[in-house]
Amino acid sequence: TDSVSVSSSDLVIGNAAPSVVSVSFSDDSPTTDTILVATVSTADIDGDSVTLAYDWLVDGVSVGVNSDTLDGASYFSRGQTVSLLVTPSDAVGSGDQYTAGPVIVANSAPTVTSVDISPVAPTTNEIVGASAVAHRLGFHEAFSLPMSDVPFLIAGPPGGAGGEHAN
């Protein structure tokens, strides 16, 4: 019989870059008082540990935050768009950048911080007015409330009966 000599070379298998499989946001319609949190799912067929680099964009411009969270009170306003660029890396290299979003920032409801009633001690049949100061989106807004929108309590004399009135 004939004999055949076989030789082999070492085969080197290189690193496969990790990838981002998906990104979800904690809120699909954030407001300015939302802390937006990104949950990222990754894959690395080599089984390497994956680290992530984040780059949040507001209206397409980087805000310089490398974190999985973005605080709306500091970084975005009503009507703006928020996106996130996520780059996965392992010990050998980086994978392709993944773009999540955009989400559009919704309007935040104002919070009334003070109400002034005039006159302070109204008498029977006297017209009462009210004005309020509200806080929203980092701004203070003063506005008047129509009395038909303000529930109030009508108190009788000391020890007497009162009642609630809501026009």
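User: How much accessible surface does the protein have, and what share belongs to carbon and sulfur atoms?
Analyst: The accessible surface comes to about 11000 Å², and carbon and sulfur atoms account for 53% of it. Keep in mind that this is a predicted model.

User: OK, and what percentage of the residues is buried?
Analyst: Buried residues make up 23% of the 167 in the protein.

User: What's the secondary structure?
Analyst: There are 12 strands and 1 helix. Going from the N terminus, you pass five β elements, then the α, and then β elements for the rest of the run.

User: Which residues have the most contacts inside the largest nonpolar core?
Analyst: That core has 17 residues, and the ones with the most contacts inside it are Val-23, Phe-25, Trp-56, Leu-70, Val-82 and Leu-84.

User: Which strands each supply at least two residues of it?
Analyst: Those would be β1 (19-25), β2 (35-43), β3 (51-58), β6 (81-89) and β7 (98-104).

User: Let's zoom in on Phe-25. What does it touch, leaving out residues up to four places away in sequence?
Analyst: Phe-25 touches Leu-36, Val-37 and Ala-38, along with Trp-56 and Leu-84. Ala-100, Gly-101 and Val-103 complete its list. Trp-56 and Leu-84 also appear among the core residues with the most contacts.

User: Switching to sheets: what's the strand order in the open sheet of 4 strands?
Analyst: The order is β4-β3-β6-β7, and the pairing is antiparallel.

User: Which ones are the edge strands?
Analyst: β4 (61-62) and β7 are the edges, since each pairs on one side only.

User: How many bridges join β3 to β6?
Analyst: There are 8, with the two strands running antiparallel. Tyr-54 sits opposite Val-86 of β6, and Leu-57 has Ser-83 in β6 as its bridge partner.

User: And how many bridges join β6 to β7?
Analyst: That antiparallel pair has 5 bridges. One residue pair to look at is Thr-81, which stands opposite Ile-104 in β7.

User: Why is β6 largely enclosed by the rest of the structure?
Analyst: Because 8 of its 9 residues are buried. Buried here means under 20% relative accessible area. β6 is also one of the strands supplying at least two residues of the core.

User: Last one: among contacts between residues at least 6 apart in sequence, what share joins residues at least 24 apart?
Analyst: In this protein, 47% of those contacts do.

Note on methods. Residues are numbered from 1 along each chain as its sequence is written. This is a predicted model: local features need pLDDT of at least 70, side-chain atom pairs count only at pLDDT 80 or more; totals for chains, interfaces and linings use all residues. Side-chain values use heavy atoms; hydrogens and water are left out. Buried means under 20% relative accessible area, exposed over 50%, partly exposed in between (1.4 Å probe, protein chains only). Contact means heavy atoms within 4.5 Å. Accessible areas come from the Shrake-Rupley method with a 1.4 Å probe; for residues, only the protein chains shown count as cover. A nonpolar core is a set of buried Ala, Val, Leu, Ile, Met, Phe, Trp, Tyr and Cys residues joined through side-chain atoms within 4.5 Å. Two strands pair if DSSP finds at least two bridges between them.
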